[in-house]
Amino acid sequence: MQTLERTNKLSLTKEEMLQDYRIACESRQASLTGRKEVFMGKAKFGIFGDGKEVAQLAMAKFFRNGDFRSGYYRDQTFMMAIGELTVQQFFAQLYAHADVEQEPSTAGRSMTGHFGTRLLDEEGKWKPQTTAKNSSADISPTGAQMPRLLGLAYASKLYRQNPELHQFKDFSIKGNEIAFGTIGNASTSEGVFFETINAGGVLQVPMLVSVWDDGYGISVPAKYQTTKSSISEILAGFQRDAPGEQGYEIFKVKGWDYAGLCEVYHKATQVCREQHVPVLIHVEEMTQPQGHSTSGSHERYKSKERLAWEEEYDCIKQMRKWLLDNEYATHEELNHIEAEAKEAVKVSRANAWKAFNEGILADHNQCLALLENLAQSVDNNSSEIASIREELSKTLNPLRSDSIRAARKALRYVRQEKSRAKRELIEWLETVQGENTERFNSYLYSQSDESVMMVEEVKAEFNEDSPLVDGREVLQACFDAALAREPRLFAVGEDVGKIGDVNQAFAGLQDKYGELRVTDAGIRECTIIGQGIGAALRGLRPIAEIQYLDYLLYAIQILSDDLASLQYRTKGGQKAPVIVRTRGHRLEGVWHSGSPMGMILHSLRGMHVLVPRNMTQAAGFYNTLLKADEPALVVECLNGYRLKEKLPANIGEFTVPLGQPEVLRKGTDITVVTYGSMCRIVMDAAEQLDQVGISVEVIDVQTLLPFDVEHTITDSIRKTNRVLFTDEDVSGGATGFMMQKVVDEQEAWRFLDSKPATLSAHDHRPSYSTDGDYFSKPNAEDVFETVYAIMNEADPVTYPSLF
């Protein structure tokens, strides 16, 4: 751990120091005012960066164009200092202004303190990153910014060490960019923090982690959070013993010491940028003047002595003292700056509130006028409509939903009326509902012309000479072709490199393309995904492998909170087209036969979920995804790698469209819908059912997200009038999802002559061995008997009961 000797002179001009002081004062005033706005009812919640201002100013001094931030929700001063957040934008976010021009970080979709820069233009294409100061989009779960931070730094390593990537100058200048991470001291207790720290040390990437240490995690003091109450002390073993060795540089500095902070960040960024050595800066003795958030008061849990110390060592107060003691400024100059900062924040707050209300008031007033017209034009219930209008007119600080709610209630009273006023209200309601759908519901998936749904289908081509090979060899040929044509592509995961993954789909490709392209990783699923997210944010195309589907649980939080929600929570401002590759369904035992598709479907909205039945279909999906700009999870069949398949002649070019099921077998009596390894079992059962006179139409959905966009399944049910959904998930999982999509959304209930049915696995984890598989998951006999029972109920004479 390094202790720097203090120099008497800093290479800072007076103007620069006073500008820093101005930003600190504006940021503090914004925090103080923001808290008041919440208590006045003008905002829902507030969490602010007061007490952290001076350290963030120091960090910002050494944050260059091309660098990235992956931080947490107290970094407002830093964002202001790098010029990526104005005070008016700060308040626009506090008010949840759903306009990307007013609130560019999230367009009102995340609460205050969640920052990010817009990496994409209006068409969803990448903006140049090397001419901008960049911030990945924040998320609330503490510590969850760390895996992504690793990936942002890892991208610099790849851009520096892989000459093929030097051409992509909009994303990197030969890897000279630092990934700056920030985290609160209490959040370093999270497992993702330690996993990331370890991975950063192993990989030796330019990752600079600042720990803002104010001694607490909400009300819980450091002694309950961290061994020895010091994260730098317990990480001391990561410190390099000498230059060139693997490890970290670790620094400690006081959060109120402006000069010391500037010196530490100068030294730390120099070694991090030039040598690609990860750095930890433990910024101690910070304060939190307003407590954790607007939800409570820190006077409830801090002693009088602690509160008195925080008052004395407030970083802005100490910075003012330092400026005066060193005669860099006079009392009058600093008083003037403080007064100007207070006034500037007052003006910015007022402008933000005015801008927030303008559009809302326009809709509000129009709705009032339409309701008045409606009340005057109807024969009945005019008093009820007038009452609704009166209530709306008295609403203080109206929201968009207030007018919508009033209009919808009013229309109930005129459901039997026919009038121009009613039509006008309906037309207005439809218009504003559409506008609000764009404000609040858009960009769950890509809306660019690189959307996966825009990729043109190219059929797989086979000829008489097409060899019959193991399924793994189809994937190997696909990945070989992809690595050859796309220099930004790399694959990372446990056992992916040296042995070519546990099922050999990358066999020999590390020797051919090098360790930077086909890379082994430690057993750390969460940060493997983080490597993918961060690298994808910087223009690379990662395939991040989770060895088995059962182990996706280790990464599900990062996939759900960070990757899947990225396009949505930035309203199309950022994207990370990570391909997550894994394998599951049938094999052996509790942790190698998982098929938790319901969990995945419900937690990964915003990602595509692909469930190919064989490796040829999987290869086509990989080709499709690599032409698109969206993240996806591909679940390969664990028991399919040794099954024989024909190798397509156009292995690197053919694509399989998403959202389009494939009819594997034509039938007339019943439709059976499934996917993955169950396709073979259902096809077997269909053959057996045919022998007793039951004609089964078998449909492989192929992808669960998106699901059957052209209603292929309903078209089948229109013919067969019966349906069975089956898979290997627990009851109510993906079978329930598929039934809801088809019977409810596609309205297939209209064509059913029998009750729709599901057949799933047992609700426990699958048991080990062949018998364990047979008695845990649906088998051909189960499918046969379930289908037969449906036909027995419909026609008991032709299909008498089996038992």
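**Exercise 1. Place Pro706 in the fold and describe the peptide bond before it.**

Start with the location: Pro706 sits in the loop that runs between strand E20 (703–705) and helix H23 (712–720). Bear in mind that we're working with a predicted model here. Now look at the bond joining Leu705 and Pro706: omega is about 0°, and the peptide is cis.

**Exercise 2. Work out how the five-stranded open sheet is put together, from strand order to the helix packed on it.**

Step one is the order. Reading across, you get E17-E19-E18-E21-E22, and the pairing is mixed.

Step two, the edges. Strand E17 (662–665) and strand E22 (757–759) each have a single partner strand, so one side of each has no neighbour in the sheet.

Step three, the twist. On average, and ignoring direction, neighbouring strands of this sheet are turned by 25° against each other.

Step four, zoom in on one pair. E17 runs antiparallel to strand E19 (residues 696–700), with three bridges between them. For a concrete example, take Glu662, whose bridge partner in E19 is Asp700.

Step five, add the helix. Helix H24 (residues 734–745) packs on the sheet and touches strand E18 (670–674), strand E21 (723–726) and E22. Compare directions and you'll find that H24 makes about 145° with E21.

**Exercise 3. Is Glu177 buried or exposed, and what does its side chain reach?**

First, find the residue: Glu177 belongs to the loop between helix H5 (145–161) and strand E3 (179–184).

Next, check the accessibility. The relative accessible area of Glu177 is 3%; buried means under 20%, so this residue counts as buried.

Then follow the side chain. One polar contact, at 2.7 Å, links it to the side chain of Ser172. The Glu177 side chain also gets to the backbone nitrogen of Ile173, at 2.7 Å.

Finally, widen the view to contacts beyond four places in sequence. Glu177 has several, including Gly66, Asp67, Thr130, Arg273 and Arg538.

**Exercise 4. Ala107 and Glu327 both have positive phi: set out the backbone, location and exposure of each.**

Take Ala107 to begin with. Its phi is near 55°, a positive value in a residue other than glycine. Ala107 lies in the loop between helix H4 (87–94) and strand E2 (134–135). With a relative accessible area of 1%, Ala107 is buried.

Now Glu327. Phi is near 60° here, again positive in a residue that isn't glycine. Glu327 falls in the loop between helix H10 (315–325) and helix H11 (331–377). The relative accessible area of Glu327 is 71%; the cut-off for exposed is over 50%, so exposed it is.

Put the two together: Ala107 is buried, whereas Glu327 is exposed.

**Exercise 5. Locate Asp690, classify its exposure and relate it to Gly667.**

Asp690 is part of helix H22 (residues 678–690). Its relative accessible area is 42%, so Asp690 is partly exposed. As for Gly667, the separation from Asp690 is 23 residues along the sequence and 9.4 Å in space, C-alpha to C-alpha.

**Exercise 6. Describe the span annotated as a domain in the UniProt record.**

The unreviewed UniProt entry carries the annotation "domain: Transketolase-like pyrimidine-binding" for residues 469–643. Turning to the model, the end C-alpha atoms of residues 469–643 are 8 Å apart. For secondary structure, the span comes out at 36% helix and 17% strand.

How values were computed
Residues numbered from 1 in each chain as written. Predicted model: local features only at pLDDT ≥ 70, side-chain atom pairs only at ≥ 80, totals over all residues. Heavy atoms only, no water. UniProt positions renumbered as here; feature names shortened; annotations may be inferred. Helix = DSSP H or I, 4+ residues; strand = E, 2+ residues; numbered from the N terminus. Buried < 20%, exposed > 50% of the residue type's maximum accessible area, 1.4 Å probe, protein only. Polar contact = N/O pair within 3.5 Å; in protein donor to acceptor, adjacent residues only side chain to side chain. Contact = heavy atoms within 4.5 Å. Pairing = 2+ DSSP bridges. Axes fitted to C-alpha atoms, helices over the stretch in contact; angles between N-to-C directions.
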